[in-house]
Amino acid sequence: RQAGSVWNDEYDFADELRVLEEVFPIDKVDLLDVGPGNGAFLKASSRRDGRRSGLDLYKHPGVGAALNGEFIHGLIDQPKLDWLEEPYDVVTMFDVLEHLYLPDLAFKNLNILLKPGGFAAIETGDTQCFWAKNYGVHKWWYACRFEHMVFWSEESLSHYARKHGFDVIYFKAIKSKAWKSKSSTFKLTQLAMFCASFLAAPMYRRFAKKRGKQGTLTPAAPFMIDHFFAVLQKKN
C-alpha cells in the first residue's frame with residue numbers, strides 16, 4: 001500500500017554513483033540492487049552497460065521497467081537464494097542492513113552474489129552519530145521504527161566484513177538520502193518541529209500523540225548526519 005509514496009524516485013544517487021565510478025571505473029557493470037523499491041537506483045545507474053537486477057521480498061510497482069536482468073524474490077538474509085547463480089560486479093544495499101534478522105547469513109549471501117574482487121555498497125544508520133552517542137540509541141528516531149531491527153557502526157560493519165571475506169575500502173558519515181531529497185520547505189518545517197520538541201516539550205508531546213505519532217516522539221533533524229556510506233571489496 002505504501003510503495004507508491006514511500007519508495008519514490010526523488011533522490012538521484014549522484015554522490016553514491018560518483019564513489020562507485022571511482023572504485024569501479026569500467027564501462028560494463030553487472031549490478032544487483034538489494035531492496036530496489038521502485039527502481040530509482042537501477043535507473044540512475046543505467047548509463048553503464050551490464051545487467052541490472054533486483055532482490056526484494058516484494059516487486060514494487062515501477063521496478064520492472066528498470067530491470068534488464070533477474071528479479072530475485074526473497075530476503076538477503078535467508079538460508080538459500082533462488083537466483084541464476086551468475087555473480088555480480090557490484091551489489092548495492094541502501095537502507096537495507098537495518099532490516100536484517102540474520103546478519104551472518106546476509107554477509108554470507110553477499111559474498112556468494114559477488115564475483116572475486118567485486119564491490120558491495122552499503123548505506124544505513126550510524127550508531128556513532130551525535131544523537132545516538134549522546135542520548136542513547138533507544139531514543140534515536142531511526143532505531144524506534146518498528147521495521148528496523150539491527151543497528152550498525154563502522155566497527156560492527158568491519159567485523160562482519162572481515163568475517164565473510166571483505167575489506168572496507170571506503171567509509172563516510174553522511175546525511176540520510178531520505179533527507180537529501182526533501183524540499184527546503186519540508187526541512188524548515190522539520191527543523192521547527194525539532195526545536196519545538198525541546199523548547200516546549202510537554203506541548204509538543206501532546207500534539208504528536210493527538211496526530212497519532214507513536215514510539216519516539218522526537219522528530220528527526222534535517223541537518224543530522226546520522227548515516228554512513230561504505231564500500232566493501234570481496235577478496236579474491
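**Exercise 1. Find the relative accessible area of D104 and classify the residue.**

Solution.
Step 1. Read the value: D104 has a relative accessible area of 30%.
Step 2. Apply the cut-offs: buried is under 20% relative accessible area, exposed is over 50%, and partly exposed lies in between (1.4 Å probe, protein chains only).
Step 3. D104 is therefore partly exposed.

Before going on, note the ground rules. The model is predicted: local features need pLDDT of at least 70, side-chain atom pairs count only at pLDDT 80 or more, and totals for chains, interfaces and linings use all residues. Residues are numbered from 1 along each chain as its sequence is written, and side-chain values use heavy atoms, without hydrogens and water.

**Exercise 2. Find the salt-bridge partner of K163 and place both residues.**

Solution.
Step 1. Recall the test: a side-chain nitrogen of Lys or Arg lies within 4 Å of a carboxyl oxygen of Asp or Glu.
Step 2. K163 pairs with D104, and their closest N and O atoms are 3.0 Å apart.
Step 3. K163 sits in helix α6 and D104 in helix α4, so this pair links distant parts of the chain, 59 residues apart. Helices are DSSP runs of H or I with at least four residues, strands are runs of E with at least two, and both are numbered from the N terminus.

**Exercise 3. Describe the salt bridges of E21 and D167.**

Solution.
Step 1. E21 bonds with R47, with the closest N and O atoms 2.6 Å apart.
Step 2. E21 is in helix α2 (residues 14–23), while R47 is in the loop between α3 (40–44) and β2, 26 residues away.
Step 3. E21 is partly exposed at 28% relative accessible area, and R47 is exposed at 57%.
Step 4. D167 pairs with K235, the closest N and O atoms being 3.8 Å apart.
Step 5. D167 lies in strand β6 (residues 166–174) and K235 in the segment after β7 (227–234), 68 residues apart.
Step 6. D167 is partly exposed at 37% relative accessibility; K235 is too, at 41%.

**Exercise 4. How many salt bridges does the structure hold, and which residues form a network of them?**

Solution.
Step 1. The count is eight.
Step 2. The network links D30, R51, E86, D89 and K115.

**Exercise 5. Work out the surroundings of E70.**

Solution.
Step 1. Place E70 in the loop between β2 (52–56) and β3 (71–73).
Step 2. E70 is buried and has no salt bridge.
Step 3. The nearest side chain of opposite charge is R51, 4.3 Å away. Here Lys and Arg count as positive, Asp and Glu as negative; His and the chain ends are not counted.
Step 4. A polar atom of the E70 side chain lies 3.0 Å from the backbone nitrogen of L84.
Step 5. List the contacts (heavy atoms within 4.5 Å). Leaving out residues up to four places away in sequence, E70 touches R51, S53, G54, W83, L84 and Y88.

**Exercise 6. Which residues other than glycine have a positive phi?**

Solution.
Step 1. E85 is one of them, with phi of about 60°.
Step 2. E85 lies in the loop between β3 and β4 (88–94) and is exposed at 54% relative accessibility.
Step 3. D95 is another, with phi near 55°.
Step 4. D95 lies in the loop between β4 and α4 (103–113).

**Exercise 7. Summarise the whole protein.**

Solution.
Step 1. Count the elements: nine helices and seven strands.
Step 2. Of its 236 residues, 50% count as buried.

Terms used:
Polar contact = N/O pair within 3.5 Å; in protein donor to acceptor, adjacent residues only side chain to side chain.
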